Amino acid sequence: ILIGDKMPVITIGGNNTITLDKKREMVKKVSEVVAEAYDLPIEAITVLVQGYDKEDIGVAGELLSERD
């Protein structure tokens, strides 16, 4: 299956601190929930995980890198 070949596509954005094992677990769980909600096979679900460095995330008007 090509990315976006079927719907839905879920995008998860966050900081780069998540481990590969945790990403793997998150993608599996999110895929299962969305497949069930849409009554689709899990193969139809695409999950994109986008990681950002602290200097690329702003919260409450400040960069996370400057809040430490």
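Here is a friendly conversation about a predicted model of one protein chain.

Reader: Where should I start, and what pattern does the chain follow along its sequence?

Author: Good place to begin! The chain contains 1 helix and 4 strands. Reading along the sequence, you meet these elements in the pattern β-α-β-β-β.

Reader: How does the length of helix 1 compare with the span it should have?

Author: Helix 1 covers residues 20-38. With 19 residues at 1.5 Å a residue, helix 1 should span 27 Å. The C-alpha atoms at its ends agree with that, because they are 27 Å apart.

Reader: Which residues of helix 1 are buried, and do they line one face or scatter around the helix?

Author: Helix 1 has S31, V34 and A35 as its buried residues. Looking down the helix axis, you would find the buried residues within an arc of 100°, so they line one face of the helix. On the other side of helix 1 sit the exposed residues D21, V33, E36 and A37. The buried ones, then, are S31, V34 and A35.

Reader: What do those buried residues of helix 1 pack against?

Author: Try tracing the two strands in the structure above. One is strand 1, made of residues 9-15, and the other is strand 2, made of residues 46-52. The buried residues of helix 1 pack against strand 1 and strand 2.

Reader: Which residues make up the largest nonpolar core?

Author: Two of its members, V34 and A35, are already familiar as buried residues of helix 1. Another member is I10, which is in contact with V30, V34, I45, T46, V47 and L48 once neighbours within four places in sequence are left aside. The core has 5 residues in all: I10, V34, A35, I45 and V47.

Reader: What share of the residues in the chain count as buried?

Author: The chain has 68 residues, and a residue must be under 20% relative accessible area to count as buried. S31, V34 and A35 of helix 1 are among those that do. For the chain, the share that counts as buried is 15%.

Reader: How many salt bridges does the structure hold?

Author: Side chains of opposite charge can pair when their charged atoms come close. One of the pairs here is D21 with R24, whose closest N and O atoms are 2.8 Å apart. Another is E32 with K28, at 2.6 Å from N to O. The number of salt bridges in the structure is 5.

Reader: How far apart along helix 1 are E32 and K28, and what does that mean in turns?

Author: Both E32 and K28 belong to helix 1. E32 is partly exposed, because its relative accessibility is 36%. The two residues are 4 residues apart, which means a separation of about one helical turn.

Reader: Which residues are joined into one network by salt bridges that share partners?

Author: Start with E25 and K22, which form a salt bridge with closest N and O atoms 3.7 Å apart. These two lie 3 residues apart in helix 1, about one turn of the helix. Salt bridges with shared partners give a network of K22, E25 and K29.

Reader: Is D21 buried or exposed?

Author: D21 lies in helix 1 with its partner R24, 3 residues away. Its relative accessible area is 56%, and the cut-off for exposed is over 50%, so D21 counts as exposed.

Reader: Which residue follows helix 1, and what is its phi?

Author: Look in the loop between helix 1 and strand 2. The residue there has a relative accessibility of 71%, so it counts as exposed. Although not a glycine, it has a positive phi. The residue that follows helix 1 is D39, with phi near 55°.

Reader: Where is A60, and what is its phi?

Author: A60 sits in the loop between strand 3 (58-59) and strand 4 (62-63). A60 is exposed, because its relative accessible area is 72%. Its phi is positive in a residue other than glycine, with a value near 55°.

Reader: What distance separates the C-alpha atoms of G14 and G51?

Author: G14 lies in strand 1, and its contacts beyond four places in sequence are Q50, G51, Y52 and I57. Along the chain, G14 and G51 are 37 residues apart. In space, their C-alpha atoms are separated by 5.3 Å.

Methods:
Residues are numbered from 1 along each chain as its sequence is written. This is a predicted model: local features need pLDDT of at least 70, side-chain atom pairs count only at pLDDT 80 or more; totals for chains, interfaces and linings use all residues. Side-chain values use heavy atoms; hydrogens and water are left out. A salt bridge is a side-chain nitrogen of Lys or Arg within 4 Å of a carboxyl oxygen of Asp or Glu. Buried means under 20% relative accessible area, exposed over 50%, partly exposed in between (1.4 Å probe, protein chains only). The expected span of a helix is 1.5 Å times one less than its number of residues. The arc is that of the directions from the helix axis to the C-beta atoms. Contact means heavy atoms within 4.5 Å. A nonpolar core is a set of buried Ala, Val, Leu, Ile, Met, Phe, Trp, Tyr and Cys residues joined through side-chain atoms within 4.5 Å.
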